[in-house]
Amino acid sequence: MDILSSVLLSGVVLGSLYALMATGLALVWTTLGIFNFAHGIFIALGAYVAWQFGTEEGFGLGATIGIVAAVSLLAALGCLIERTLVRPFLGHRNLVLAVVITTLAALIFLENSALLVWGPRFKQLPPLVDGTLAIGGLDIAAHEVLIVLLSPALLLALWAFLRLTYMGAALRAVSQNQDAALMVGIPVPVLFALAFGISAALAAIAGVLLGSIRFITPAMGNEPLVKALIVAIFGGLGSISGTIGGAYVIGMLEAVCVYFIGLYWTPAALFLCMILVLLVRPQGLFGRVD
């Protein structure tokens, strides 16, 4: 029972992290219809910025300032990348291919820039909360409990923003029909930048949480990017709620696979599960049929 509980807990923690990572990708996809392959470096840069501002080895301003700086700077970077590397190609017949190339170029450039700025030495953020909690007979790290609680809270806040605010309604309108949104006066380019900014901010938070349990390197976001792509496709492209549901399913599957078949075979098992789901439901596990 303790082993099963540990596996389930690990799945929930992974699902919470994947939900933060993949929801940003899904938001950009639903709004612009493109994948942002620079999303992985947003995760790494979020961790680096939080380390630089928050730790004693950096500026020593404290964890709160580090998180605020990471979210703010990464949101601004997301808007900048949309403005410089995505917007010039909007309306182009090869939009998807062009954005794949430009965002991959941004990934390489920013990854190497991080290597120049922070060097090759591994870094790590201290846990946002210390200690352990005894829950159901298990000793659970307080930081993991924070991840499990914080991720749904942030995603609920995003849902409230999309459903209850004018800008959120405008984002949903743009995702449904860009031309109609322009006709009724919605500033579509501003909404594109907002989608990228929110996506990058969520990636930064995921990076801060991940940087407390893994070493920070310029390439630390590459594996999470692959997992986020799996989650977004598995859950259902065009459905943010489906992406969130898919994140927790993938998190559970990964935890079970790691325990039963080992770490090295787990990625292959996840891809196999995604392929099997898409053979039965091409729109994804929770996606809607048009």
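## Close-up views of helix packing and salt bridges

**Figure 1. Contact residues of helices H1 and H5.** Leu-9, Val-12, Val-13, Ser-16, Leu-17, Ala-19, Leu-20 and Thr-23 of H1 are in contact with Glu-144, Ile-147, Val-148, Ser-151, Leu-154, Leu-155 and Leu-158 of H5. Classed by residue type, this contact comprises 11 nonpolar, three polar and one charged residues. The model shown here and in the other views is predicted. H1 spans residues 2-32, and H5 covers residues 142-164. The two helices pack at an angle of about 35°, and their axes are 9 Å apart. The crossing of H1 and H5 is left-handed.

**Figure 2. Ser-10 in helix H1.** Ser-10 is located in H1. With a relative accessibility of 33%, Ser-10 is classed as partly exposed. The view also includes Ser-72, which is separated from Ser-10 by 62 residues in sequence and by 29 Å in space, taken from C-alpha to C-alpha.

**Figure 3. Packing of helices H3 and H8.** Helix H3 comprises residues 63-86 and helix H8 residues 188-210; their axes come within 7 Å and cross at roughly 140°. The angle falls short of the range for roughly antiparallel helices, which begins over 145 degrees; H3 and H8 are therefore oblique to each other. Their crossing is right-handed. On the H3 side, the contact is made by Ile-67, Ala-70, Val-71, Leu-74, Ala-75, Gly-78, Cys-79, Ile-81, Glu-82 and Val-86. On the H8 side, the partners are Pro-189, Phe-192, Ala-193, Phe-196, Gly-197, Ala-200, Ala-201, Ala-204, Ile-205 and Val-208. The contact of H3 with H8 contains 17 nonpolar, two polar and one charged residues.

**Figure 4. Packing of helices H6 and H8.** The axes of H6 (residues 166-176) and H8 come within 10 Å and cross at roughly 105°. Angles of 65 to 115 degrees count as roughly perpendicular, and H6 and H8 are therefore assigned to that class. From H6, the residues Met-167, Ala-170, Leu-171 and Val-174 take part in the contact. They meet Val-188, Leu-191, Phe-192, Leu-194, Ala-195 and Ile-198 of H8. By class, the residues of this contact are 10 nonpolar, no polar and no charged. Phe-192 of H8 appears in the contact with H6 and also in the contact with H3.

**Figure 5. Ala-63 in helix H3.** Ala-63 belongs to H3. The relative accessible area of Ala-63 is 45%, so this residue is partly exposed. When neighbours within four places in sequence are left aside, Ala-63 is in contact with Gly-54 and Leu-128. Pro-189 lies 126 residues from Ala-63 in sequence, and the C-alpha atoms of the two residues are 34 Å apart in space.

**Figure 6. The salt bridge between Glu-57 and Arg-121.** The structure holds five salt bridges. In one of them, the side chains of Glu-57 and Arg-121 meet with an N to O distance of 3.4 Å. This pair links distant parts of the chain, 64 residues apart. Glu-57 occupies the loop between helix H2 (39-54) and H3, whereas Arg-121 occupies the loop between helix H4 (95-118) and strand S1 (132-135). Glu-57 has a relative accessibility of 55% and therefore counts as exposed.

**Figure 7. Salt bridges of Lys-227 with Glu-223 and Glu-254.** Lys-227 forms a salt bridge with Glu-223, in which the closest N and O atoms are 3.1 Å apart. Both residues are in helix H9 (residues 222-235), where they are four residues apart, about one turn of the helix. Lys-227 is buried, at 7% relative accessibility, whereas Glu-223 is partly exposed, at 43%. The side chain of Lys-227 also meets that of Glu-254 in a salt bridge, at 3.1 Å from N to O. Because Glu-254 lies in helix H10 (residues 240-261) and Lys-227 in H9, this pair ties together parts that are 27 residues apart in sequence. Glu-254 is buried as well, with a relative accessibility of 7%. Through shared partners, salt bridges join Arg-214, Glu-223, Lys-227 and Glu-254 into one network.

Key: Residues numbered from 1 in each chain as written. Predicted model: local features only at pLDDT ≥ 70, side-chain atom pairs only at ≥ 80, totals over all residues. Heavy atoms only, no water. Axes fitted to C-alpha atoms, helices over the stretch in contact; angles between N-to-C directions. Parallel < 35°, antiparallel > 145°, perpendicular 65-115°, else oblique. Left-handed = near helix turned anticlockwise from the far one by under 90°. Contact = heavy atoms within 4.5 Å. Nonpolar A, V, L, I, M, F, W, Y, C, P; charged D, E, K, R; others polar. Salt bridge = Lys/Arg side-chain N within 4 Å of Asp/Glu carboxyl O. Buried < 20%, exposed > 50% of the residue type's maximum accessible area, 1.4 Å probe, protein only.
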